[in-house]
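Trainee: Please take a close look at one loop for me. Then walk me outward from there, in plain words.

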Amino acid sequence: MSEKRGSSQYEALAMEGLEQAKAMGASYADLRVVEEETRCLGVRMGRVSQLSQGATLGMAVRVLVEGAWGHAAAPDLSQETALSLAERACRAARAGAGYRKTPAILAPLAPQVGEFRSPYEEDPFEVSIEEQFALLMETDRLLGGDPKIRSRSASMDFLRERNWFYSSEGSKLFQETLRSGAGFSVTAVGNGEVQTRSYPANFGGNFVQRGYEHVRALDLPGHAEEYRDQALALLTADPCPSGTFDLILGGGQLALQIHESVGHPNEFDRVLGFEADLAGRSFVTPEKRGNFRYGSDIVNLVADSGLEGGLATLGWDDDGVPAQRWHVVEAGIHRNYLTNREFATRLGDPQSFGANRAWGWRYPPQIRIPNLSLMPGEAGRLDDLFAESEGAIFFDTVKTWSIDQMRLNFQFTCEIAWEIKGGRRARLLRNPTYQGMTPQFWGSCDAICGEEEWRLWGVPNCGKGQPMQLAEMTHACSPARFRRTTLL
Amino acid sequence: MISRERAREISDFVFAASPAAETEVILSSERGNSIRLAECAPSEQNALEEAQVWIRVVRDGKQGRSTGTSFSETALKRCLDQAWEAAALAPPVELPPLESESRGEDGGISAEQAEELAEHGQETKLAQLASYLRKGMEEGLQLTGFYETRGASTTYATSAGCFRHGFTGKASFSSTAILDPGGAGVGSGLAQTSTLGDAQVHEVGRVAISKAKASRDPKPLDPGEYPVLLEPRAVGDLLMFLAWAGLGARPFLDGSSFLSDKIGEKVLSETLSIVDDVWDPRLRGLGFDYEGQPTQRVTLVEEGVARAVVFDRPTAREAGRETTGHAGLQPSPSGPFPSSLILSPGETESAELLGVLDKGILVTQLHYTNLMDPSNVTVTGLTRNGTFLVEGGEIVSPVQNLRFTMSLVEAFSQVRAVGREGRLVEAFFGGATIVPPLVLDAFHFTSATEF
C-alpha cells in the first residue's frame with residue numbers, strides 16, 4: 001500500500017469508525033492502521049536457518065466510554081470492519097465502566113496533524129537477498145574451523161512500519177520508521193563448559209533506526225574470528241571470582257541495566273499497580289518524585305523520543321502526543337516518570353510525556369520505555385577508565401538477566417569478563433555474575449566514560465502487558481564504573 | 001477461525017497459482033477477547049481477530065518463504081510471488097521433501113469448542129468477575145489480573161498432498177491480590193478445551209485473596225539453603241526451563257543440553273518422569289506439526305533416567321533418528337520444542353505435603369526466572385505472591401521474597417515428595433504444562449528482598 005493512497009483511503013475509513021464510536025457514547029476514540037514489512041534472514045552452521053519476509057496489515061479502534069477503555073482489532077480494512085470494531089470496543093467499554101472507581105481522564109492535547117519519517121541511507125529491502133545471505137554465509141564460515149565450536153549463527157532483521165493515526169479530537173498523523181539489525185553468535189562446548197560469544201550484542205545483534213548502512217558498518221565478518229577465539233578461550237578460562245569488587249560495565253550490559261532498573265520501574269502505570277499480575281510493581285512510589293536519590297551525582301538518565309537512530313524514535317506516540325525529551329534522573333535525583341495521557345492525569349501533570357506505544361495493530365497502546373539513556377561522563381575513553389581501575393573487573397555482553405517484581409534486587413550474568421591489571425584487560429574470566437539493589441548500585445557509580453564512547457544499544461524484545469506485547473527502544477550509554485559490587 | 005473446507009479452498013488456490021514444484025501453505029486464524037484488571041476494575045479490554053498465512057516454495061533446490069495477514073486471493077498471490085522471488089536468490093537449503101500424506105489424527109478440540117472459547121464475551125466475563133471485584137473493593141485489596149479466552153484454527157497443507165487442519169483453544173484467568181504492606185497472593189485457572197465456569201473463576205479469586213491476607217507483613221529471612229514445597233505454578237516455570245535448555249534436539253545435538261550424551265543415564269530423581277503429550281485430554285494440542293508429521297507422545301525422562309528429546313525432520317536426519325513430530329516453521333533456527341509437557345504425579349496427597357516438608361519454605365510462584373548455564377540448567381529467579389516459613393509441618397509466618405540461584409538438575413535430583421495431583425498451569429513466558437507440587441530437599445536462596 002503506498003502511503004498516499006493509504007492516507008486518503010484510511011482517512012475515510014477512520015471517519016466512519018470514529019463517528020460510529022461517538023454515536024455509541026465514546027468521549028474519545030482513535031483508529032490506527034498499521035502496516036509492517038519484515039525481512040529476517042539467518043544462517044546456522046553453513047545452512048539457511050531463517051528466511052522469513054512478508055507484511056502484516058490491520059486496523060484497531062480504541063474508545064473511552066464513561067471513563068473505561070475498549071479496544072478491538074482485525075486484519076481487515078473494510079468499512080464494515082471499521083464500524084464493527086468501533087461497536088465492539090464501545091460495548092466492552094460500557095460494560096466495564098460501572099466498575100471503575102477512578103475513570104480514565106486524558107491529559108489535554110491540541111489536534112496534531114503531520115508526518116514523520118525516520119532517516120536512512122540505504123533501504124535494506126532494496127538490497128538483494130542474495131547479497132545479504134552472502135554476508136551471513138561468509139560470517140558463518142569465519143566462525144567455524146574448530147571442532148569445539150558446536151553452534152554458530154548469523155542473522156539480519158529489518159522492519160518497516162507505517163502507521164496512520166486518526167482521533168476523534170481531530171488528529172491525523174502518518175509515520176514511517178525503518179529499523180535494521182544484525183549480529184552473530186558462536187558457542188563452544190568442552191571442558192564441561194558451554195560458552196557463547198555474541199557480536200555486537202545478544203538478542204540477534206544490535207538494532208537501530210537506520211538502513212542497511214548499519215549492517216555494513218557492523219562488519220560482521222571482520223569480527224567473527226575474534227569472537228570465535230574468545231568463545232574457545234572461555235572454555236578454559238578461570239571462573240570469575242566472587243566477593244566485592246569494583247565493576248566496569250560495557251555498553252551493551254549497561255544498556256540492559258538501564259532498561260531493567262530505571263526504565264520499567266518508572267512506567268507510571270506500573271507504579272500504580274496496573275502491571276502487578278504479570279511483571280509486578282515498582283519501588284519508585286509517587287512520593288519519591290523530585291527528592292529520591294536514585295544514583296550518584298554523575299548519574300543523568302534522559303528519556304528522548306527524538307534520539308536519532310533510537311528504536312523508539314517517533315514524531316508522535318500512539319496517543320498522538322509529540323515526541324519529547326525529559327530527565328528521569330537528574331544529577332542522581334529522581335525527577336520524572338514515563339507517562340501517557342491517562343496516567344499523566346493520574347500523576348497530576350498538565351500533559352503526557354508521550355510514552356504510549358502499541359505493538360503493531362493488534363493490541364491497545366500502553367506506557368512503554370522510550371529511548372532512555374545514561375548521559376556521558378568525564379572519564380574519557382574506556383582505556384582511560386581502565387588506567388584508573390586497577391583490580392576492577394570489566395563485564396561485557398548480556399547473557400542472563402533477572403530482577404524482582406519491585407525492580408530492586410537484580411542479578412545479571414555476562415558472556416565474558418576480564419580482570420583489569422596495569423591499565424588493561426588482563427586475565428580472562430568465565431561465567432561472571434553480579435548482583436545488587438537498584439538505588440545502591442546507581443549510587444555507587446563513580447565514573448562514566450565520555451561522549452567518545454557513547455553508543456546506541458537497541459532492545460528489540462521488551463515484553464509487557466497481557467496479552468504480552470513486544471516493544472523496541474534504545475539505551476545509549478558509555479561504559480561506567482560501579483564501586484564495591486557483589487560478584488557471585 | 002476458518003473451517004476445514006475454507007482452509008482447503010485457500011490452500012488449493014495457492015497450489016494452483018504456484019509455479020513451484022513443491023509448495024507449502026500454513027494458515028492460522030484466531031479469535032478471542034480479554035480483560036485486564038487493576039484497581040478492582042477492568043483497566044483494558046481487547047477483542048482481537050487474527051489471520052496469518054505462511055507460504056514456502058521449493059525452486060531448483062532452493063526455498064523461499066513469505067507471510068501475510070490476509071486470505072484474499074490478491075494477498076495470497078502477492079505472498080506467493082514474494083516467496084517465489086526469494087527462492088531464486090536464497091542459497092540452497094538441505095531440507096526433506098514436503099510431506100505427501102496425511103497420517104494420523106489431527107488432534108486438538110472440536111470446532112464447536114473453539115467457537116465457544118472465542119465467543120465467551122467480555123460482558124459474560126465481567127458478570128463472572130463481579131462478586132470478586134466487589135469483594136476486593138469492600139476489603140481494601142487491590143485486585144489485578146487477566147482473563148482471556150480464544151479459539152484458533154491451524155492448517156498445514158502441501159502441494160504434494162498432505163492436508164491437516166485442527167482447532168485449539170484456551171481459557172485463562174490469573175489474578176494477583178495485593179494487601180500492603182507486603183501482602184500479595186496469586187490465583188490462576190487455565191483450561192485448553194472449555195471455558196472456565198463460575199466456580200473456577202471464584203476459586204481463583206478466593207486463593208488470591210487468601211494468599212494476600214496470609215502474606216501481609218512478611219518477616220525477613222536470611223538467604224541460605226532450605227527445603228521447599230513448590231506449588232504447581234513454580235514447578236511449571238522450572239520445568240519450562242528444563243525444556244528450553246535441553247529437551248529439544250537442537251541443544252541436544254549441539255552438546256549444550258543436560259541430556260547430551262546421557263540417554264539411558266540417571267539425570268534426575270527416580271521419582272520424576274517427564275513426557276510430552278499433546279494427546280492428554282487436558283491439553284488437547286494439535287496432532288500434527290509444521291512439517292505435517294504426526295506429533296507423538298514422547299517419554300523424555302522416565303523415573304529419573306534420560307530417555308529422549310523431541311525431533312523434527314532436519315534434526316532427526318542429523319541424528320540418524322525419526323522425527324517425533326515437533327517441528328516449528330521450517331527452516332527453524334532453534335529446532336523442535338516440546339510444548340505439551342507433563343510431569344508425572346506422585347504418591348503424596350496435597351494435604352500431606354506440608355508435613356513432608358516439616359521445616360522449610362512454601363513457594364507459591366516464581367518471578368523472572370532466567371537461564372545462566374544450560375549444561376546443568378543453572379537458573380536464577382525470585383519467589384513471589386506468597387512465600388511462607390513452615391515449621392513442624394505448619395505455616396508459621398509469611399517471609400520476604402528471596403532470590404534463588406541453582407542448578408535445576410541438582411534441585412530435581414533431591415526430591416523428597418511428589419504430589420498426587422497434577423495441575424494445568426501456564427509458565428511465565430507462555431506454554432501450558434501439567435505438573436504436581438514438589439517437595440525438594442535443598443533450594444539455594446542467594447539473596448533477599450525487603451518486601
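Mentor: Pro181(B) is found in the loop between β5 (163-179) and β6 (183-191) of chain B. Strands here are DSSP runs of E with at least two residues, helices are runs of H or I with at least four, and both are numbered from the N terminus. What kind of peptide bond joins Asp180(B) and Pro181(B)? A cis one, with omega at about 5°. As a rule, most peptide bonds are trans, and most residues other than glycine have a negative phi. Keep in mind that this is a predicted model, where local features need pLDDT of at least 70, side-chain atom pairs count only at pLDDT 80 or more, and totals for chains, interfaces and linings use all residues. Residues are numbered from 1 along each chain as its sequence is written, while chains are lettered from A and ligands numbered from 1 in the order in which they are written.

Chain A has a cis bond too: Gln466(A) and Pro467(A) are joined that way, with omega about -5°. Pro467(A) is in the loop between β22 (455-464) and β23 (469-477) of chain A.

Phi is the other backbone angle to check. Back in chain B, Glu303(B) isn't a glycine, yet its phi is positive, near 45°. You'll find Glu303(B) in the loop between β9 (298-302) and β10 (305-306) of chain B. Glu303(B) counts as partly exposed because it has 14 C-beta neighbours inside 10 Å; 20 or more would make a residue buried, 12 or fewer exposed, with C-beta atoms placed from the backbone. Over in chain A, Arg407(A) also has a positive phi, about 70°, without being a glycine. Arg407(A) lies in the loop between β17 (393-403) and β18 (409-421) of chain A, and it is buried, with 24 other C-beta atoms within 10 Å.

Now zoom out to the chain that holds your loop. Chain B has ten helices and 19 strands. Its radius of gyration is 24 Å, close to the 22 Å that the globule rule gives for 451 residues, so chain B is as compact as a globular protein of that length. That radius is taken over C-alpha atoms, and the rule is 2.2 Å times the number of residues to the power 0.38. The C-alpha trace of chain B spans about 70 × 55 × 35 Å along its principal axes, and 61% of its 451 residues are buried. Contacts (C-beta atoms, placed from the backbone, within 7 Å) often bridge long stretches of sequence: of those in chain B between residues at least 6 apart, 73% join residues at least 24 apart. For a sense of distance, take Glu138(B) in helix α4 of chain B: the C-alpha atoms of Glu138(B) and Asp441(B) are 41 Å apart, with their positions 303 residues apart along the chain. Glu138(B) has 9 C-beta neighbours inside 10 Å, so it counts as exposed.

That same helix brings us to the partner chain. Helix α2 (residues 79-97) of chain A and helix α4 (residues 122-138) of chain B pack at about 15°, with their axes 9 Å apart. Axes are lines fitted to C-alpha atoms, for helices over the stretch in contact, and angles run from 0 to 180 degrees between N-to-C directions. The two helices are therefore roughly parallel, a label for angles under 35 degrees (over 145 is roughly antiparallel, 65 to 115 roughly perpendicular, the rest oblique). The contact is made by Ala92(A), Ala95(A) and Gly96(A) of α2(A) and by Gln122(B), Glu123(B) and Leu126(B) of α4(B). By class, that contact has three nonpolar, two polar and one charged residues. Here Ala, Val, Leu, Ile, Met, Phe, Trp, Tyr, Cys and Pro count as nonpolar, Asp, Glu, Lys and Arg as charged, and the others, Gly among them, as polar.

Across the whole interface, 66 residues of chain A are in contact with 69 residues of chain B. Strand β2 (residues 47-65) of chain A supplies the largest share of chain A's side, twelve residues. That side divides into 29 nonpolar, 27 polar and ten charged residues.

As for chain A overall, it has ten helices and 24 strands, and buried residues make up 61% of its 488 residues.

Key:
Two residues are in contact if their C-beta atoms, placed from the backbone, lie within 7 Å.
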